[in-house]
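User: I would like to learn how to read pockets, backbone oddities and salt bridges in a protein model. Could you take me through them one at a time?

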Amino acid sequence: MLRFGILSTAKIGRDNVVPAIQDAENCVITAIASRDFARAREMADRFSVPHAFGSYEEMLASDTIDAVYIPLPTSQHVEWSIKAANAGKHVLCEKPIALKASEIDDLIAARDRNKVIISEAFMVTYSPVWRKVRSLLQEGAIGELRHVQGAFTYYNRDPGNMRNIPELGGGGLPDIGVYPVISTRFSTGKEPSWVQAITERDAEFGTDIYSSVKADFGDFELSFYISTQMAGRQIMVFHGTDGYIEVKSPFNANRWGPEEIEVTDRGHSESRIIRFQDSRQYRCQAEAFARAAAGEKDEIVTLEDSRLNQKAIDAIYRASEKDGWEAV
């Protein structure tokens with residue numbers, strides 16, 4: 001059993017990742033740390049976790065854990081991932097693991113130096129839904145892929161929310177723009193070479209709140225928009241010469257809507273719906289990470305993969321400042 005320590009009491013950990021780890025077959029949470037000991041103790045008691053720490057450093061120095069899950073504000077991901085690796089702990093860090101692709105080089109060095117795993121928590125890559133999309137594309141279920149279309153939006157103007165604070169790594173592209181990119185790259189095995197983009201920023205917060213993006217993958221294009229100040233929507237569609245695949249609840253599986261893939265033929269005369277009762281993508285993520293930490297062969301998100309994804313996000317920001325195409 002891989003013993004996890006949770007670095008902070010952040011909401012995504014409380015609501016999604018901690019319950020998933022506790023539900024997993026090959027890992028367990030043995031410690032929770034917060035800069036406020038009372039908050040750590042409260043969360044530890046809630047999830048029947050034996051150890052609570054009033055500082056992150058104290059937990060990293062403890063022999064009660066083998067790995068850490070990091071749901072800190074984005075601006076702190078690189079710093080604490082390196083500190084955890086230097087303490088000899090495996091690291092599962094929330095996305096985005098860095099705000100620049102170049103920062104991931106330091107993470108790769110820390111991983112290799114300490115002989116640990118550092119992985120970005122892209123839960124969609126562990127989902128049975130997305131693995132089915134990948135297999136359908138590989139089987140040629142829709143013929144030759146020509147276009148991918150996506151959207152991911154929500155409405156949030158809370159000035160105290162980290163997503164609206166630039167100093168904490170806030171902004172729409174780091175928070176949700178990464179998802180259409182990683183899911184397209186994961187399911188097709190292809191990389192974008194050029195991007196075009198329009199991005200709008202909030203006059204008060206200074207964060208990017210809307211982006212419309214076109215990415216050239218060579219054989220096909222990806223077009224998507226994301227926003228932190230629009231009515232909520234999630235969709236991904238893979239359109240080929242012989243049909244298309246629509247992913248109904250692509251990112252917030254189950255919480256957003258039905259976990260379904262609809263495959264429609266060229267003539268729009270036949271559709272089949274593939275349903276997933278409960279993909280448990282966060283549990284799948286925890287179990288795959290634990291197997292990899294134990295030395296077993298398993299498909300996890302590598303830092304090299306994270307660097308490629310962040311290169312695309314970096315290019316989108318650059319493209320937003322000019323007309324025309326920007327190289328990834």
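Analyst: We will go through pockets, a cavity, the backbone and salt bridges in turn. Keep in mind that this is a predicted model.

User: How does one look for empty space, and what is the volume of the largest pocket?

Analyst: Rolling a probe the size of a water molecule over the atoms shows where empty space is left. Here the largest pocket comes to about 1100 Å³. Its lining consists of 42 residues, and those nearest the centre are Lys 11, Ile 12, Met 162, Arg 163 and Asp 175.

User: Which elements each supply at least two residues of that lining?

Analyst: Those are α1 (11-23), β7 (145-155) and α7 (172-188). By class, the lining of the largest pocket holds 18 nonpolar, 15 polar and nine charged residues.

User: What lines the second largest pocket?

Analyst: That pocket, with a volume of about 280 Å³, has 15 lining residues, and Asn 16, Asp 278, Arg 280, Gln 281 and Tyr 282 lie nearest its centre. Two or more lining residues come from each of α1 and α8 (281-293). Helix α1 gives the most, five residues. The classes in this lining are four nonpolar, five polar and six charged.

User: How many cavities of 30 Å³ or more does the structure hold?

Analyst: There is one, and about 40 Å³ of space lies in it. Among the residues that line this cavity are Pro 96, Ile 97, Glu 120, Phe 122 and Gln 310. Helix α9 (residues 303-319) supplies the largest share, three residues. Six of the lining residues are nonpolar, three polar and one charged.

User: Turning to the backbone, is the peptide bond from Lys 95 to Pro 96 cis or trans?

Analyst: The bond is cis, with omega near -15°. Pro 96 sits in the loop between β5 (90-93) and α5 (103-114), and Pro 96 is also one of the residues lining the largest cavity.

User: Which residues other than glycine have a positive phi?

Analyst: Two cases are Ser 8, with phi near 110°, and His 268, with phi near 60°. Ser 8 is in the loop between β1 (2-7) and α1, while His 268 is in the loop between β13 (260-265) and β14 (271-275).

User: Are Ser 8 and His 268 buried or exposed?

Analyst: Buried means under 20% relative accessible area and exposed means over 50%. Ser 8 has 7%, so it is buried. His 268 has 55%, so it is exposed.

User: How should I read salt bridges, and how many are there?

Analyst: Side chains of opposite charge can pair when their charged atoms come close. The count here is 27 salt bridges. One of them joins Lys 95 and Asp 175, at 3.0 Å from N to O. Lys 95 is in the loop between β5 and α5 and Asp 175 is in helix α7, so this pair ties together parts 80 residues apart in sequence. Both Lys 95 and Asp 175 are buried.

User: What is the accessibility of the partners in the salt bridge of Arg 291 with Asp 298?

Analyst: The closest N and O atoms of Arg 291 and Asp 298 are 2.4 Å apart. Arg 291 has 27% relative accessibility and counts as partly exposed, and Asp 298 is partly exposed at 27%.

User: Which residues are joined into one network by salt bridges that share partners?

Analyst: The network consists of Asp 23, Glu 25, Asp 278, Arg 280, Arg 283 and Glu 287. Of these, Asp 278 and Arg 280 are also among the residues nearest the centre of the second largest pocket.

Conventions:
Residues are numbered from 1 along each chain as its sequence is written. This is a predicted model: local features need pLDDT of at least 70, side-chain atom pairs count only at pLDDT 80 or more; totals for chains, interfaces and linings use all residues. Side-chain values use heavy atoms; hydrogens and water are left out. On a 1 Å grid over the protein atoms alone, a cavity is a set of points where a 1.4 Å probe fits but cannot get out, and a pocket is an open set with protein on both sides within 12 Å along at least five of seven lines; lining residues have an atom within 4 Å of a point. Grid points are joined across faces, edges and corners, and a volume is the space filled by probe spheres set on the points. Helices (H or I, at least four residues) and strands (E, at least two) are DSSP runs, numbered from the N terminus. Ala, Val, Leu, Ile, Met, Phe, Trp, Tyr, Cys and Pro count as nonpolar, Asp, Glu, Lys and Arg as charged, and the others, Gly among them, as polar. Buried means under 20% relative accessible area, exposed over 50%, partly exposed in between (1.4 Å probe, protein chains only). A salt bridge is a side-chain nitrogen of Lys or Arg within 4 Å of a carboxyl oxygen of Asp or Glu.
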